[in-house]
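Colleague: I'm new to reading protein models, so could you walk me through this one with a few questions and answers?

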Amino acid sequence: MADEVFRHDGYMAVFEAGVVSVNGDEVILDCTAFYPGGGGQVCDTGKINGFRVTDVHYNGKEIVHVVPGNDLRPGLRIWGEVDWERRFDLMMGHTGEHLLFCALHRQDPELTITKIYIGPDEKYVIVNHDISWEKIGAALEFANQAIRDNLPVRKTVMSRDDPDLEKVRIKLDRIEEDEEITVVSIGDIDYSACSGIHVMETSELGMLFVDRKVSAGKDGIAIHFKVGNAAQSSAMRLANICLQAVEEANSKPEDIVRSIANMKHDLAVAAEASKAMVKQQIKNEIFGEKRLAIEVFPKQKNLVDVQDVYHLWVFPKDFDLPFGIHPIRDKQCKVISRGCPKDVGYLIENTRQMSSTVSDRERRNQADTEVFDGQRVSHPQEKET
Ligand SMILES: [Zn+2]
């Protein structure tokens, strides 16, 4: 088994080693600084004697370096060179993930991690359920303060019966009985079982920023984050987009969320109003402007207009409705506002009283006339004639 340099020194990017075996593109060394990936972090890439290392992975306990077109042979001494910029970004990302989850968990103790991905282009942690942007904001405040405080990131080995294991975020079922438990601590704010590669001090992260959260299906919600310069660029870009939106909405940054909610509400009201006008127009076109019509809400069990096909009842010429439909002119009219359902209980009660009055009048009328001349009308594009 090779000496795994990255386990005790995450900063060694250039190293000397001996070739143990070569099998086509696959090379095994007696010592390596190439991280084979793990804990959600992707593997390192780099060079061995100038040949590109495109993939590194475990095969059992051996670390296999994939070096296409190499001319290496067993016994040869080589120079290995890890792509440092990429590795440091992954180390920062991995430490950032610990810090981010610790900070999110303070905001929502019910939060658990489903999956982690730390790659050069994307970094995210999938958590079991959604968390509000307000809480993410508070978590980032905490995490970035921890970065400014430059807390030490330390690695210790614990045994299974260590009482301190209680404060460690750990999934014991994933650790073999005889395996030692490596715990990574960030100051005294977070303890997590992890055998990945991390930076040594939080200030190395520079900045931590969450720029996206998306559904991850049954796994939960993926919270995408960035560290270092990428975090700064992303924060500036999004702040600028937000300011453009603020200007477009003629609002203030602190009011923009409420402004957009109001706009959405107004749009919904306008859409409803436009629907009502379309119905009015259908009635006018088919039966003429002077005929009275009402929209009917059938009993729940008789409801057939599941696809928004509605029932329009049109009455005989010169028919006088036994109840009011004009909100101002007709005293008996109760208006149920589409946009304000909070008074619906009161309105339902009033409408009940109103309908009992209507029933009395209907009973009186029923003797000499058939009241309703029912017509069912669908949407204009599927108009039944
Ligand atoms: Zn870790």
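Colleague: What percentage of the 385 residues of the chain count as buried?
Modeller: This is a predicted model, in which local features need pLDDT of at least 70 and side-chain atom pairs count only at pLDDT 80 or more, while totals for chains, interfaces and linings use all residues. Residues are numbered from 1 along each chain as its sequence is written. A residue is buried if 20 or more other C-beta atoms, placed from the backbone, lie within 10 Å of its own, exposed if 12 or fewer do, and partly exposed in between. Of the 385 residues in this chain, the buried share is 22%.

Colleague: How many helices and strands are there in the chain?
Modeller: Both are DSSP runs numbered from the N terminus: helices are H or I with at least four residues, and strands are E with at least two. Counted that way, the chain holds six helices and 19 strands.

Colleague: Which helix gives the most to the largest nonpolar core?
Modeller: A nonpolar core is a set of buried Ala, Val, Leu, Ile, Met, Phe, Trp, Tyr and Cys residues joined through C-beta atoms within 7 Å. The largest one here has 57 residues, and Leu100, Leu104, Ala143 and Leu208 have the most contacts inside it. With eight residues, the top contributor to this core is helix 2 (residues 84-107).

Colleague: From which domains does this core of 57 residues draw at least three residues each?
Modeller: The domain bounds come from an automatic or database domain assignment. At least three core residues come from each of domain 1 (3-82) and domain 2 (88-248).

Colleague: Which residues is Leu104 in contact with, leaving aside its neighbours within four places in sequence?
Modeller: Two residues are in contact if their C-beta atoms, placed from the backbone, lie within 7 Å. Leu104 is one of the residues with the most contacts inside the largest nonpolar core. Once the neighbours within four places are set aside, the contacts of Leu104 are Leu111, Val127, Ile131 and Ala139.

Colleague: Is Lys123 buried or exposed?
Modeller: Lys123 lies in strand 11 (residues 123-127). Beyond its neighbours within four places in sequence, Lys123 has contacts including Gly93, Glu97 and Phe225. There are 26 other C-beta atoms within 10 Å of Lys123, so this residue is buried.

Colleague: Which strands stand at the edges of the open sheet with the order 10-11-16-15?
Modeller: Two strands pair if DSSP finds at least two bridges between them. The four strands of this sheet pair in an antiparallel way. One side of each edge strand is left without a neighbour in the sheet, because each has a single partner strand; the edges are strand 10 (113-118) and strand 15 (208-215).

Colleague: What is the bridge partner of Phe209 in strand 16?
Modeller: Strand 15 and strand 16 (residues 221-227) run antiparallel and are joined by seven bridges. Across this pairing, the partner of Phe209 is Lys226.

Colleague: In the open sheet of three strands, how many bridges join strand 12 to strand 13?
Modeller: That sheet has the order 12-13-14, with antiparallel pairing. Strand 12 (153-158) and strand 14 are its edges, each having a single partner strand, so each has one side without a neighbour in the sheet. Arg154 stands opposite Ser185 in strand 13. The number of bridges joining strand 12 to strand 13 is six.

Colleague: Which residue in the turn between strand 13 and strand 14 has a positive phi?
Modeller: Strand 13 (residues 181-186) and strand 14 (residues 190-193) run antiparallel, joined by four bridges. Val184 has Ser192 as its bridge partner. The two strands form a hairpin with three residues between them, and the turn residue with a positive phi, about 50 degrees, is Gly187.

Colleague: How many of the 21 residues of helix 4 are buried?
Modeller: The expected span of a helix is 1.5 Å times one less than its number of residues. For helix 4 (residues 228-248) this gives 30 Å, which agrees with the 31 Å between its end C-alpha atoms. Helix 4 lies largely in the open, because the number of its residues that are buried is two.

Colleague: Is Ala276 buried or exposed?
Modeller: Ala276 lies in helix 5 (residues 256-287). Of the 32 residues of helix 5, one is buried, so the helix lies largely in the open. Ala276 has 12 C-beta neighbours inside 10 Å, so it counts as exposed.
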